[in-house]
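Trainee: Before we begin, could you put the structure up, so that I can ask about it step by step?
Mentor: Here it is, and we can go through it in turn.

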Amino acid sequence: MIRPQSHGTSANGDEREKKVRVPRPIIEVRNLRKEYPVEDETVVALDRVNLAIPQGQICCIFGESGSGKSTLLNQLAGMERPTRGGVRIGGVPVSKLSERELAAFRQKHLGFVFQSYNLLPNLTAVENVAMPLMFRGVPKEQRERAARGVLKRVGLGHRLGHYPRQMSGGQQQRVGIARAFVTKPEVVFADEPTGNLDSKTKAEVMDMICAFARDFNQTIVLVTHDPQMASYADRIVTLFDGKIVDDRLNQPASSVPSIVPSTPAVQGADR
Amino acid sequence: MRFGDILRLCRQNLWRRKSRTILTVLGVIVGCCSIVLMVSLAQGINERNEQTLKQMGDLSIVTVYMNGGGTVNTGSGTETIKLDDKAIESFRQIEGVSGVTPMMNFPYNATLKAGAGGRYVADYVQIMGIDMDQFERMGYKLKDGVMPAKDGQVLIGEWTAYDFMDMLKGGDMRYANRGDGSYSCTYNEATGECEEPEDQEPFFDPMKTQITLVTGADYQGDPSTMQMYGNMGGTGTQSETVSLDLNVSGVVKADGNKGYATSSGLVMSVDDLKALIAKVNPSAAKQGTTYDQVLVKAADLTSVPEVESQLKSMGYETYSYEDMRKSMEEQTRSIQIILGGIGAVSLLVAAIGIANTMVMSVTERTREIGIMKALGCYVRDIRVMFLTEAGAIGFFGGLIGCVLSGLISLGINLIGMTYFASMYGVSTNDTESLSFGERFWQALTGGEDVTRFSVIPWWLFLFAILFSTLIGLLFGFGPANKAVKIPALDAIKNSE
């Protein structure tokens with residue numbers, strides 16, 4: 001687990017903690033700027049982005065394509081280094097870690113759900129879900145037991161040995177969700193997780209992600225351009241032209257069940 | 001990541017592109033086979049050369065002789081050297097020498113007589129004196145009988161008994177093929193071919209027959225044979241002849257490298273020969289004896305060059321098979337390098353095949369690698385994974401290649417032993433008399449009289465497998481590094 005970094009014992013810090021008992025945010029973004037060189041010019045993708053996401057929050061980063069939301073996600077997850085500013089997750093300066101430290105950090109603390117599922121085609125559902133545990137060196141028996149458990153929870157108990165090509169898009173994305181949550185990470189990044197799905201399946205997938213997050217008090221960073229998806233979040237941060245233009249709390253649209261339903265109707269629906 | 005998991009992933013990945021993997025492995029098999037077979041053919045030449053040399057004589061014996069005046073320049077002037085007892089003693093002191101014997105020839109004409117009234121006569125008999133204590137060490141062998149135990153006992157050459165002529169029947173001789181390539185034949189008009197007569201028994205058994213030696217300082221030969229040949233040598237002065245009854249204790253096996261006397265003549269101890277000379281010519285014996293030749297045996301083959309150069313530095317002329325062996329070896333080595341090089345080229349082609357396969361594999365799996373990195377896979381694990389795949393292709397190619405080349409080599413040997421052995425003039429056991437199992441075993445392990453064309457020593461297999469694996473790793477290194485550099489971002493991008 002990440003321990004929020006102690007901020008020293010300055011009088012100011014002590015005072016603030018006494019007054020308002022706000023938990024330290026798990027994700028902190030400070031004055032983030034990202035430029036890309038395009039031919040002779042530089043394009044500013046992100047500028048002066050400041051953001052603090054507390055633990056357990058489902059935070060949606062909302063914006064049109066080209067608004068810089070995917071760039072922000074890449075910065076948060078340590079996929080790219082910022083031009084200026086920095087990102088801390090649980091106090092760890094993600095943007096300053098070496099490649100090896102980043103790999104170890106991702107193994108332990110981060111989960112990913114991708115738009116295009118990104119399952120390995122030559123691995124079965126169980127093997128795909130168990131993959132992050134394999135990178136940690138967990139023995140096969142143990143990690144596959146864990147993977148089977150999560151797969152059953154997302155309603156794929158009957159598809160454990162199937163390969164991605166034998167499953168529908170919705171089923172594949174549920175495998176992807178199981179993979180993101182199997183390590184019980186503190187933070188899960190979801191990049192347009194419903195982008196390739198039909199509207200009925202979209203709702204199921206979003207319910208599932210939110211259910212996991214609520215059960216384990218996990219933080220979700222959801223990137224989407226779909227207002228309907230954004231409505232699942234506790235908070236919606238709107239990006240435009242690389243800047244945060246709106247940041248407000250949201251009452252989640254649907255009442256989210258604490259346990260994901262695994263009725264046969266759900267499994268059949270996304271075929 | 002556990003190495004077992006990496007291996008499992010490798011197996012899955014290789015198996016995913018079955019035909020491509022199999023074709024790449026096939027390339028390595030061909031490369032490995034060609035290297036192993038080429039080197040094995042060169043090894044076969046080597047083995048045949050060694051057998052040839054072995055048949056020519058003992059490779060560890062150096063023959064020492066005198067040439068010309070026997071003077072050596074020592075820097076402070078010339079010094080006369082002699083091949084005498086003192087020299088022999090100094091030869092024994094050389095490091096790496098295990099035995100020394102002089103070879104002394106009786107310098108006078110001698111005749112052997114046997115049978116009632118000297119009926120059987122052998123003229124111009126070679127008499128050789130050697131150090132009997134060194135008899136076995138120098139490679140002499142007894143064909144029959146025992147070593148001389150007392151003074152005056154001698155050994156007789158293997159074919160000496162066939163040198164006798166029956167003087168009562170006008171010089172009739174008994175015939176035997178002496179196995180040295182010189183045989184007589186008589187023309188048969190009926191068949192139109194020259195037929196070799198059948199081997200006969202000699203007139204008598206030399207070990208059970210009283211033989212008398214006749215010689216002298218100016219002895220020319222037995223009068224009866226002289227008469228038979230038309231009295232060629234000057235007669236007259238056959239003044240003092242020495243006559244000696246011989247006691248033959250054994251028969252020496254004929255060996256052309258160890259003196260003609262071993263074939264047709266007498267072999268006795270040097271001391272006995274000196275005594276005989278003293279009896280024939282007392283004045284000459286007093287001048288002290290020098291030897292015609294001295295045989296020096298090295299402890300093993302590797303010390304031959306050192307011993308030889310030491311002898312040469314002492315001022316003696318030497319002769320051994322070392323030079324011949326060396327030049328043959330060099331020739332074989334250059335053939336080996338050429339053949340191995342041809343094999344290496346095909347393995348290089350296979351290596352490029354491995355590199356190609358790995359580059360393709362990396363390109364295809366760009367996305368997967370990105371996903372793995374995004375999910376926290378260590379860069380080192382990805383590199384190890386790709387290297388293991390490349391190494392596995394090399395290893396299995398090498399393994400199968402070795403098995404295959406072993407079988408091919410066996411086939412070559414079986415065919416060669418059956419059909420082509422006589423072409424090379426190397427004696428091969430009569431293949432008809434051997435069962436298939438025996439021939440199979442000979443093709444596999446070789447033997448004294450077996451001609452093998454392809455010889456694979458165990459280290460060649462080991463080398464081939466290691467080399468193939470290493471080549472796989474080496475040529476997989478570039479693609480593996482390329483894989484490592486793929487950014488995790490590529491996977492996150494929503495490209496289908």
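Trainee: What share of the residues of chain A count as buried?
Mentor: Bear in mind that this is a predicted model. Chain A comes to nine helices and 10 strands, and among its contacts between residues at least 6 apart in sequence, 70% join residues at least 24 apart. Of the 271 residues of chain A, the share that counts as buried is 48%.

Trainee: In what order do the four strands of the open sheet in chain A lie?
Mentor: Strand 1 (residues 27-38) of chain A is joined to strand 2 of chain A by nine bridges, and the two run antiparallel. Strand 1 of chain A also pairs with strand 4 (residues 84-89) of chain A in the antiparallel sense, over five bridges. The edge strands, each of which pairs on one side only, are strand 2 (41-53) and strand 5 (92-93) of chain A. The pairing in this open sheet is antiparallel, and the order of its four strands is 2-1-4-5.

Trainee: Which residue takes a positive phi in the hairpin of strand 1 of chain A and strand 2 of chain A?
Mentor: At the level of single residues, A:Arg30 has A:Gly86 in strand 4 of chain A as its bridge partner, while A:Val38 stands opposite A:Glu41 in strand 2 of chain A. The hairpin formed by strand 1 and strand 2 of chain A has two residues between the strands, and the residue with a positive phi near 50° is A:Glu39.

Trainee: Why is helix 6 of chain A described as roughly parallel or antiparallel to helix 7 of chain A, and which of the two is it?
Mentor: Two packed helices are described by the angle between their axes and the distance between the axes. The axes of helix 6 (residues 169-181) and helix 7 (residues 199-216) of chain A come within 11 Å and cross at roughly 10°. Because angles under 35 degrees count as roughly parallel, helix 6 of chain A is, relative to helix 7 of chain A, roughly parallel.

Trainee: How many of the residues in the contact of helix 6 of chain A with helix 7 of chain A are nonpolar?
Mentor: Helix 6 of chain A brings A:Gly170, A:Gln173, A:Arg174, A:Ile177 and A:Phe181 to the contact, where they meet residues of helix 7 of chain A including A:Val205, A:Met208 and A:Phe212. Alongside three polar and two charged residues, the number of nonpolar residues is six.

Trainee: Which element gives the most residues to the side of chain B that touches chain A?
Mentor: The contact takes 20 residues from chain B and 23 residues from chain A. On the side of chain B, the elements that give two or more residues are helix 1 (3-16), helix 9 (366-374) and helix 13 (489-492), and the residues of that side divide into 11 nonpolar, four polar and five charged. With four residues, the element that gives the most is helix 1 of chain B.

Trainee: Is B:Thr445 buried or exposed?
Mentor: B:Thr445 lies in helix 11 (residues 436-445) of chain B, and its C-alpha is 9.7 Å from that of B:Ile456, 11 residues apart in sequence. Because B:Thr445 has 9 C-beta neighbours inside 10 Å, it counts as exposed.

Trainee: Over which residues of chain B is the pLDDT below 50?
Mentor: Chain B averages a pLDDT of 81, with 86% of the residues scoring at least 70, and the predictor gives the complex an ipTM of 0.82 and a pTM of 0.69. One stretch has 18 contacts in the model beyond near neighbours in sequence, yet its pLDDT is below 50: residues 423-431.

Note on methods: Residues numbered from 1 in each chain as written. Chains lettered and ligands numbered in written order. Predicted model: local features only at pLDDT ≥ 70, side-chain atom pairs only at ≥ 80, totals over all residues. Axes fitted to C-alpha atoms, helices over the stretch in contact; angles between N-to-C directions. Parallel < 35°, antiparallel > 145°, perpendicular 65-115°, else oblique. Contact = placed C-beta atoms within 7 Å. Nonpolar A, V, L, I, M, F, W, Y, C, P; charged D, E, K, R; others polar. Buried ≥ 20, exposed ≤ 12 C-beta atoms within 10 Å, placed from the backbone. Pairing = 2+ DSSP bridges. pLDDT = per-residue confidence, 0-100.
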